[in-house]
Amino acid sequence: MAKYLVAVKPGQVEVVMTALGKLGLPTQKPVFNHITVNIPEAMLDRVKSIPGVADVKPDSLSAIRAGYGSSLDPLRISDIAMPEPEPSVSFRTYQPVPIETKFSQWLHRTLSNPFTGPASAFRYMTATDDGKIRTPTSVSRQMIGADQAEAMGITGKGVKIAVLDTGTSYDALFQGAFLGGKSSMPGQPVPWDEVGHGQWCNTCIAGKPMIVKWGPCKGMQLKGVAPDATVAAFKVLGGGLGLGTASSILGGLKNAQEWGADIISMSLGGEEPDDYASDPQCQAITELTQSGVIVVVAAGNSGPGPGTINCPGNSPDALTVGAVDSFSQIAYFSSRGPTKGGFIKPDVVAPGVDILSTSCGYIAAMHARIDGPPSLSAISGTSMATPHVAALVALAQQYARASRGKSLTTSDIKRAMSYGQQNNDYGWGMITWPILKQYIDERGG
């Protein structure tokens with residue numbers, strides 16, 4: 001027996017729920033016209049033949065990283081943490097490693113041996129981060145012009161951002177970013193972040209100003225892109241590994257919608273399906289976009305080859321984000337288009353290489369000696385670029401409402417960026433405050 005998502009035709013939910021009940025299949029409350037059901041393989045054809053059923057798909061995996069397929073067993077740590085040779089510190093040109101790769105390798109080494117594992121994990125982290133140049137959020141926010149917006153009094157106030165990730169924690173309370181929220185993870189009813197990925201995104205978006213007082217990063221300043229935005233953490237990934245399913249993500253999207261989110265930030269991804277139009281997450285994003293919610297999604301870290309965009313970043317209605325370094329050059333790992341549906345992706349890029357913010361859980365523990373306490377982590381990935389964009393869009397949303405009396409849509413953001421040629425590496429390029437402000441001033445939002 002496996003878990004499936006049963007897509008229901010409009011107006012047929014009650015009919016399908018009744019039919020599933022008659023088959024003895026317990027169901028959950030429908031979310032975006034999808035019902036989560038545990039179905040024995042022998043009964044699949046019977047479920048597909050129920051009048052009102054549009055499609056039946058496995059409940060595929062997503063994660064803080066790219067490329068997990070639906071066949072992965074999340075209980076087998078070795079599957080997501082294949083051992084690699086210890087990286088050599090000598091004669092090495094620094095190459096940033098996406099956080100999910102570092103996390104899986106660190107976890108594998110830590111758990112491989114109770115006596116030598118932790119030391120092996122520390123050696124791996126030391127070698128991997130040799131040559132790292134940290135960019136604190138006080139600097140990365142300037143790269144996209146958030147400081148210019150703040151000089152005008154625009155700090156995200158009144159705009160609601162939902163972060164769909166691994167949750168939130170008290171660990172980063174000193175940066176003012178312990179948040180409310182909700183969990184859609186089975187067995188984890190509280191949106192508590194044991195991994196640290198979600199909390200990093202939370203503080204990147206809305207972390208209060210802070211100066212690091214000790215450790216390797218002493219003297220560096222941290223500050224979220226939109227420090228006055230209203231942020232809530234919706235836990236859709238977890239299990240200690242940063243894994244989730246399509247059903248947990250759909251639940252998080254519904255929770256965010258019911259909370260009244262203006263913007264949804266999703267630093268997650270899974271394997272791109274052949275047909276985006278029938279994918280449950282892409283369908284939900286389309287519905288949310290049509291209702292006025294702006295959904296910002298990580299492109300993925302499966303680059304540099306073409307055709308490596310994650311799902312749901314492959315959705316034409318998502319604002320899909322790639323990563324650049326502190327010199328505004330595309331990160332080698334940043335996923336590239338085109339999508340299987342033939343769309344150019346990503347849409348935009350933002351800072352995502354070795355960005356320093358506050359975290360918690362495993363990721364904070366990984367970096368405790370590398371980046372120093374309290375809970376500091378300078379990490380890389382399109383996951384790091386995504387909250388920069390979500391927060392910048394919140395600044396633009398506040399400005400549009402105040403100056404023009406109307407809210408921006410996803411189409412507005414894409415039109416603002418479409419002054420140049422879009423490509424499958426950078427999309428339309430770096431999204432910045434001056435670009436969005438000019439569009440609002442000239443086009444009225």
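Two aromatic rings of Phe, Tyr or Trp (its six-membered ring) count as a pair when their centres lie within 6.5 Å. With that in mind, welcome to a predicted model, which holds seven aromatic pairs.

**View 1. Tyr 170 and Trp 192 form a tilted pair.** The two ring centres are 5.5 Å apart, and the planes meet at 55°. This counts as tilted because only planes under 30 degrees apart are called stacked and those over 60 edge-to-face. Tyr 170 belongs to the loop between β6 (160–165) and β7 (181–183), while Trp 192 belongs to the loop between β7 and α8 (197–206), so the pair ties together parts that are 22 residues apart in sequence. Trp 192 is partly exposed, with a relative accessible area of 38%.

**View 2. Tyr 276 meets Phe 343 edge-to-face.** Here the rings are 5.3 Å apart from centre to centre, with 80° between their planes. This pair links distant parts of the chain, 67 residues apart. Look for Tyr 276 in the loop between β12 (263–266) and α10 (280–290), and for Phe 343 in the loop between β14 (319–324) and β15 (348–351). Tyr 276 is partly exposed at 26% relative accessibility, and Phe 343 is partly exposed too, at 28%.

**View 3. Phe 103, Trp 106 and Tyr 362 form one aromatic cluster.** Follow these three side chains to find the cluster.

**View 4. Two charged side chains sit over aromatic rings.** Lys 254 lies over the face of Phe 32, at 4.4 Å from the ring centre. In the other example, the charged end of Arg 369 is placed over the ring of Phe 122, 4.0 Å from its centre.

**View 5. Three strands make an open sheet with helix α1 lying across them.** The strand order is β2-β1-β3, and the pairing is antiparallel. At the edges are β2 (34–39) and β3 (53–58), each of which pairs on one side only. Neighbouring strands are turned by 30° against each other on average, direction ignored. Strand β1 (residues 2–8) is joined to β3 by five bridges, and Leu 5 stands opposite Lys 57 in β3. Helix α1 (residues 13–22) lies across β1, β2 and β3 and runs at about 10° to β2.

**View 6. Helix α14 packs its buried residues against other helices.** Within α14 (residues 433–443), the buried residues are Trp 433, Ile 435, Leu 436, Tyr 439 and Ile 440. Their packing partners are α7 (146–151), α12 (382–404) and α13 (410–417).

Note on methods: Residues numbered from 1 in each chain as written. Predicted model: local features only at pLDDT ≥ 70, side-chain atom pairs only at ≥ 80, totals over all residues. Heavy atoms only, no water. Pairing = 2+ DSSP bridges. Helix = DSSP H or I, 4+ residues; strand = E, 2+ residues; numbered from the N terminus. Axes fitted to C-alpha atoms, helices over the stretch in contact; angles between N-to-C directions. Contact = heavy atoms within 4.5 Å. Buried < 20%, exposed > 50% of the residue type's maximum accessible area, 1.4 Å probe, protein only. Lys NZ or Arg CZ within 6 Å of the ring centre and 35° of its normal.
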